[in-house]
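Dear colleague,

I am passing on the structure we spoke about, with the sequence alongside. Please have a look at it first, and then read my notes below.

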Amino acid sequence: MKRSELSEFEFEEEGFKIKIKRGSGAQPIITSTPLSAHPFPLVAAPSEVAAPAKPAAQAAGSPAAGSGADEVGFAYVKSPMVGTFYRSPSPENPSFVEINAKVDEKTVVCIIEAMKIMNEIQAETKGSIVEILVENGQPVEYGQRLFKVKLG
């Protein structure tokens, strides 16, 4: 900011707003304000990505959050953010998981691209993949079900 002689910078995109002001001292003052009650950042490091809680997904009221209660003995890997769903790290590579693949809490099952950042999504449950609910390259919503996992 000093090099460009900026005293204030404001950026807003997809429900997120950041404002940076240069104060009277040498240190800039940085504030960010989510424009909605979004419980997760739009871009997060893979280690910071967590599955949304059921009440938050139901409160969102979007059809992407799923309809009805979860089935007994099954869990769903849900999207923690809005972005583009990818089944593999690149088009030349095989998918992270296929149907009947065994997964545990740390197994990477897909990537969601948000704002040009590739976020690895982990299963966060132990079991086997029984259904892949999203097509490769399709946009996904926050809380949308990505994979159906048989617990065990």
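Among contacts in the protein chain between residues at least 6 apart in sequence, those that join residues at least 24 apart make up 55%. Please keep in mind throughout that this is a predicted model, and that the mean pLDDT of the protein chain is 76, with 67% of its residues reaching 70 or more.

That confidence varies along the protein chain, from a mean of 40 in helix H1 (residues 54-60), where it is lowest, to 96 in strand S10 (residues 139-140), where it is highest. I would be careful with residues 35-68, over which pLDDT stays under 50, although the model has 50 contacts beyond four places in sequence for them.

As for the overall layout, the protein chain has one helix and eleven strands, and when read along the sequence these follow the pattern β-β-β-α-β-β-β-β-β-β-β-β. Of its 152 residues, 32% count as buried, while the area that the protein chain exposes comes to about 9,500 Å², of which carbon and sulfur atoms supply 53%.

On charge pairing, a search of the whole structure finds one salt bridge. It is formed by Glu98 with Arg87, and the closest N and O atoms of the two are 2.9 Å apart. Both residues lie in the loop between strand S5 (83-86) and strand S6 (102-103), so the pair ties together parts that are eleven residues apart in sequence. The two partners can also be described by their accessibility: Arg87 is buried, because its relative accessible area of 17% falls under the 20% cut-off, whereas Glu98, at 44% relative accessibility, counts as partly exposed. As general background, side chains of opposite charge can pair when their charged atoms come close.

On the surface, Leu6, Phe9, Phe11 and Met115 make a nonpolar patch of about 340 Å². Of these, Leu6 lies in the segment before strand S1 (8-13) and counts as partly exposed, at 37% relative accessibility. Met115, for its part, is found in the loop between strand S7 (108-114) and S8, and it too counts as partly exposed, with a relative accessibility of 40%. The backbone of Met115 deserves a look as well, since its phi is near 55°, a positive value in a residue other than glycine.

A positive phi also turns up at Glu124, where the value is near 60°, again in a residue other than glycine. Glu124 lies in the loop between S8 and S9 and, at 33% relative accessibility, counts as partly exposed.

Which residues does Thr125 touch, not counting those up to four places away in sequence? They are Ala75, Val103, Asp104, Glu105, Val149 and Leu151. Thr125 has its place in the loop between strand S8 (117-122) and strand S9 (127-132), and it is buried, because its relative accessible area is 15%, which is under 20%.

With best wishes

Definitions and conventions:
Residues numbered from 1 in each chain as written. Predicted model: local features only at pLDDT ≥ 70, side-chain atom pairs only at ≥ 80, totals over all residues. Heavy atoms only, no water. pLDDT = per-residue confidence, 0-100. Helix = DSSP H or I, 4+ residues; strand = E, 2+ residues; numbered from the N terminus. Contact = heavy atoms within 4.5 Å. Buried < 20%, exposed > 50% of the residue type's maximum accessible area, 1.4 Å probe, protein only. Salt bridge = Lys/Arg side-chain N within 4 Å of Asp/Glu carboxyl O. Areas by Shrake-Rupley, 256 points an atom, 1.4 Å probe, with all protein chains shown as cover. Patch = residues over 30% accessible without salt bridge, like charges linked within 9 Å, V, L, I, M, F, W, Y side chains within 5 Å.
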